[in-house]
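Please open the model in a viewer and keep the side chains at hand. The tour begins with the aromatic rings and ends with the chain as a whole.

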Amino acid sequence: MARCLAILVGLTVLLAAGTVHGLWTGRWSNSTELEQAARRVGALPDDLGPWKGEPLEQDSDTLKVAGAVGYWGRRFVRADTGQSAQVFLMCGRPGQMAVHRPEDCYSASGFVLGAPALRFKAQVPGQGPAEMWTGLFTKETVRGPVQLRICWAWASSAASPLDAQGAWTAPASARWAFAREKALYKLYVVREVHGPPGPLIDDECVLLLADLLPVLNRALFGARSSS
């Protein structure tokens, strides 16, 4: 009897683990939503108001490792101030989009997160605020230290910008938070910091987000939310 019970418990644990892994990897999910989400990424514009963009290409192997089915990257510069920042938006299955955080990606290139990442609210004009992570990453080089400000967040492909909480969120564990989603967007906004970092509210990344997020929300979620 005890042996049978142990076998049943073992099978239950095994099935539960398989179910969780299936949800994370999208083994049983319909690819239609993922394909639609990836197409929306490809329809994003080159410029954002006063910010003029130029494409940032990524090789197919890098995107494959990241699990990105859709990708959009731009370097944006404001002609009036010279401020600049880079934007990387990827779309893929939650199991892959959730696990590669900047702490993982940038540490592989020698960058170190100097202090624990902080959550902050990026204001989206006319919509709910976007919750994001941010941190300062430093790398020692022969020319001296290089420091990057990185802001990042995720959004379900089923999210709505009209939600009072905003479409973009920064959960402690994105892997658990988005395990049941069919497709997931991941957003990075990055800039090189020269000198001591100033107040976050005046940072180029945050200023760019104010113009970027309304455009992203309309392109990625707007058609569904208005229907």
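Select the aromatic side chains to begin: the count comes to 7 aromatic pairs, where rings of Phe, Tyr and Trp (its six-membered ring) pair if their centres lie within 6.5 Å, with planes under 30 degrees apart counted as stacked, over 60 as edge-to-face and the rest as tilted. Go next to Trp-72 and Phe-76, a tilted pair with 6.0 Å centre to centre and 50 degrees between the planes. Trp-72 is buried at a relative accessible area of 4%, and Phe-76 is buried at 0%; buried means under 20% relative accessible area, exposed over 50% and partly exposed in between (1.4 Å probe, protein chains only).

Now select Tyr-106 and Phe-111: their ring centres are 6.0 Å apart and their planes stand at 75 degrees, so this pair is edge-to-face. Tyr-106 is buried, with a relative accessible area of 16%, and Phe-111 is buried, with 11%. Extend the selection to Phe-137, Trp-152 and Tyr-188, which ring pairs link with Tyr-106 and Phe-111 into a cluster.

Turn then to Trp-51, where Arg-78 lies over the ring face at 5.6 Å from the ring centre (the criterion is NZ of Lys or CZ of Arg within 6 Å of the ring centre and within 35 degrees of the ring normal).

Finally, display the whole chain. Of its 227 residues, 44% count as buried.

This is a predicted model, in which local features need pLDDT of at least 70 and side-chain atom pairs count only at pLDDT 80 or more, while totals for chains, interfaces and linings use all residues. Residues are numbered from 1 along each chain as its sequence is written, and side-chain values use heavy atoms, with hydrogens and water left out.
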